[in-house]
Amino acid sequence: MKNGILVVISGPSGAGKGTIVGRILKELDNIGFSTSMTTRNPREGEVDGQDYFFVTEEEFKKAIEEDAFVEYANVHGNYYGTPKSEVASRLGRGMNVLLDIDVQGAMNVKKQMPEGVFIFISPPSMEELRARLEGRGKDSTEDIERRLKNAEGEMKLIDEYDYHVVNDDLDTAVKKVKEIIIKEEIKEGSSHDAISGN
Ligand code: ADP
Ligand code: 5GP
């Protein structure tokens, strides 16, 4: 059996990665989300074990010592990491795996798994990015400012990615990401059965 494809999505906070990922998971078959571990506090409505595994800094450090991560990074002041348990076994079973991780994490994964598909999601403008972060209404003003400041550095890494999708109109962006995944699946010789919805 063919291994699944590793799809890494990153880009500035507020660009719409989570929204796009949610749609992809609904609209494509045979793709699973890699739930990260984080020391960030849960936002209203987030579910432990689904959106993230929410842990203390002590628990996170223990996981680092146990070599439990594919990669981890400090992002906007909190730790985030991709558990090995979320990735390798699924890929080995032929399932595609979707990661929503920051640029540091993506570059780290690229070194280990250059065969992955790396997609950068950007907002149509920095003004729109601010509007989305404010409109989401889940982060403090201070946190939003930090995320906007970090976005400038993150945008400089676009060229390191295989694909760049501007998330202006949501449906168009989702369609583009789906097309990339389907194209890469065909390239890998995976079955067309993996495609559903539309
Ligand atoms: P990220 O996961 O990149 O931090 P989110 O998916 O949480 O971003 O999106 C940030 C905010 O922008 C959310 O309120 C979301 O509903 C909104 N959003 C996402 N995509 C679009 C879009 N194409 N047009 C307008 N608003 C969007
Ligand atoms: P948020 O706090 O908005 O959920 O996520 C902040 C940033 O952390 C986003 O850019 C998101 O992609 C990134 N992130 C989420 N999980 C991981 C992870 O496991 N590793 C890394 N490096 N970044 C992550």
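## Around ligand 1

Three nonpolar, six polar and four charged residues make up the shell around ligand 1. Here Ala, Val, Leu, Ile, Met, Phe, Trp, Tyr, Cys and Pro count as nonpolar, Asp, Glu, Lys and Arg as charged, and the others, Gly among them, as polar. The model is predicted, so local features need pLDDT of at least 70 and side-chain atom pairs pLDDT 80 or more, while totals for chains, interfaces and linings use all residues, and side-chain values use heavy atoms, without hydrogens or water. Residues are numbered from 1 along each chain as its sequence is written, with chains lettered from A and ligands numbered from 1 in the order in which they are written.

Which residues come closest to ligand 1? Out of 13 residues that surround ligand 1 (a heavy atom within 4 Å), the closest are G14, K17, G18, T19 and R136. The helices α1 (17-27) and α5 (126-136) each give this shell at least two residues, and α1 provides the largest share, three residues. Helices (H or I, at least four residues) and strands (E, at least two) are DSSP runs, numbered from the N terminus.

## Polar contacts of ligand 1

Let's look at some individual atoms, using polar contacts (N or O pairs within 3.5 Å). Two backbones reach oxygen atoms of ligand 1: a polar backbone atom of G16 is 3.0 Å from one, and a backbone N or O atom of A15 is 3.3 Å from one. N167 uses its side chain instead, with a polar atom 2.9 Å from a nitrogen atom of ligand 1. On its own, ligand 1 has 560 Å² of accessible area, and the protein covers 73% of it (Shrake-Rupley method, 1.4 Å probe).

## Around ligand 2

Now to ligand 2, which has 18 residues around it; S36, R40, Y52, Y80 and D100 come nearest. This shell holds five nonpolar, six polar and seven charged residues. The strands β5 (69-75) and β6 (78-83) each contribute at least two of its residues.

Several side chains make polar contacts here. Y52 places a polar side-chain atom 2.6 Å from an oxygen atom of ligand 2, and a side-chain N or O atom of R43 is 2.8 Å from an oxygen atom of the ligand. For D102, the partner is a nitrogen atom of ligand 2, at 2.7 Å from a side-chain N or O atom. Taken alone, ligand 2 exposes 510 Å², of which the protein buries 96%.

## The largest pocket

Where do the two ligands sit? Ligand 1 sits in the largest pocket, and ligand 2 sits in the largest pocket too (more than half of a molecule's atoms within 2 Å of the grid points). A pocket is an open set of points on a 1 Å grid over the protein atoms alone, where a 1.4 Å probe fits, with protein on both sides within 12 Å along at least five of seven lines; lining residues have an atom within 4 Å of a point.

The space in this pocket is about 1,000 Å³ (filled by probe spheres set on the points, which are joined across faces, edges and corners). Its lining has 41 residues, with G18, R43, Y52, D100 and R136 closest to the centre. Two or more lining residues come from each of α1, β5, β6, α5 and α6 (141-155), and α1 gives the most, six residues. By class, the lining has 12 nonpolar, 14 polar and 15 charged residues.

Definitions and conventions. Polar contact = N/O pair within 3.5 Å; in protein donor to acceptor, adjacent residues only side chain to side chain.
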